[in-house]
Amino acid sequence: DYSSSTPNLCWPLCSSDAECAGTGAGYGCNPMSKRCEQKVSPGGGYGAPCNAHTDCQSKFCLPAPNFAGGYCAGDCRGDSNNCGPQGYCQWNAAEGDIVGVCHQSCSSAGGLCRTTPVDYICKPDTYGAQMGLLCMCNFPGTPCGTDSDCCSNFCSVATNTCM
């Protein structure tokens, strides 16, 4: 309920084809969206650039300007890290539920995951409960050296921090 004072949302997420009542070739639990629908959707995987939800296989685009170039994400159950292929579930139990956000997973801290239009870097998850690595740009207040270091594509020369 968006009119509620709490930020929690509730919608069903599937984890297997057996949970889906529909039939037909390719129908089942889509591993990217966690919804009962066609299992393979057009669009980019986690971390891909996007302008609209339809640009992502998960049908979940985190838009610019907060995520320069957009960022395909997805929904997940934090207690089972069920993001599917190349996904990492970021969630924080302190939020009061087990719904998290799937990001692009990565394996080498500090490495570049994506360079357009800003640098998305493989970083340790310091917010979530999984404590793994995810591909993410730098949010406001993070140290930077150039504009491309920041999600906003703007690094303050005066403070060397993302704005």
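**Exercise 1.** In this predicted model, work out which hand the disulfide between C150 and C162 has, and where its two ends sit.

*Solution.* Start with the bond itself: C150 and C162 are joined, with an S to S distance of 2.1 Å. That is within the 2.5 Å cut-off for a disulfide. Next, look at the twist. The torsion about the S-S bond is about -80°, so this disulfide is left-handed. Now place the ends: C150 and C162 each lie in the segment after β10 (133-136), so the link ties together parts that are twelve residues apart in sequence. Last, check exposure: C150 and C162 are both buried.

**Exercise 2.** Do the same for C83 and C102: which parts of the chain does this pair tie together?

*Solution.* Again, begin with the sulfurs, which are 2.1 Å apart in the disulfide of C83 and C102. The angle about the S-S bond is -100°, and the link is left-handed. C83 is found in the loop between β5 (74-77) and β6 (87-90), while C102 belongs to strand β7 (residues 99-104), so parts 19 residues apart in sequence are held together. As for exposure, C83 and C102 are both buried.

**Exercise 3.** Is the link of C106 and C122 left-handed or right-handed, and what does it connect?

*Solution.* The S to S distance in the C106 to C122 disulfide is 2.1 Å. With 90° about the S-S bond, this link is right-handed. On one side, C106 lies in the loop between β7 and β8 (112-114); on the other, C122 is in strand β9 (residues 120-124), so the pair bridges parts that are 16 residues apart in sequence. C122 has a relative accessible area of 3%, so this residue is buried. For the overall tally, the structure holds ten disulfides.

**Exercise 4.** Sort C113 and C135 by how exposed they are.

*Solution.* Take the cut-offs: under 20% relative accessible area is buried, over 50% is exposed, and in between is partly exposed. C113 comes in at 25%, so C113 is partly exposed. C135 comes in at 0%, so C135 is buried.

**Exercise 5.** Describe the second largest pocket: what lines it, and how much space lies in it?

*Solution.* Volume goes in the notebook at about 200 Å³. Then go to the walls: 14 residues line this pocket, and Q90, H103, L134, M136 and F139 lie nearest its centre. Strands β7, β9 and β10 each give at least two residues to the lining. Finally, sort the lining by class: nine residues are nonpolar, three are polar and two are charged.

How values were computed
Residues are numbered from 1 along each chain as its sequence is written. This is a predicted model: local features need pLDDT of at least 70, side-chain atom pairs count only at pLDDT 80 or more; totals for chains, interfaces and linings use all residues. Side-chain values use heavy atoms; hydrogens and water are left out. Helices (H or I, at least four residues) and strands (E, at least two) are DSSP runs, numbered from the N terminus. Buried means under 20% relative accessible area, exposed over 50%, partly exposed in between (1.4 Å probe, protein chains only). On a 1 Å grid over the protein atoms alone, a cavity is a set of points where a 1.4 Å probe fits but cannot get out, and a pocket is an open set with protein on both sides within 12 Å along at least five of seven lines; lining residues have an atom within 4 Å of a point. Grid points are joined across faces, edges and corners, and a volume is the space filled by probe spheres set on the points. Ala, Val, Leu, Ile, Met, Phe, Trp, Tyr, Cys and Pro count as nonpolar, Asp, Glu, Lys and Arg as charged, and the others, Gly among them, as polar.
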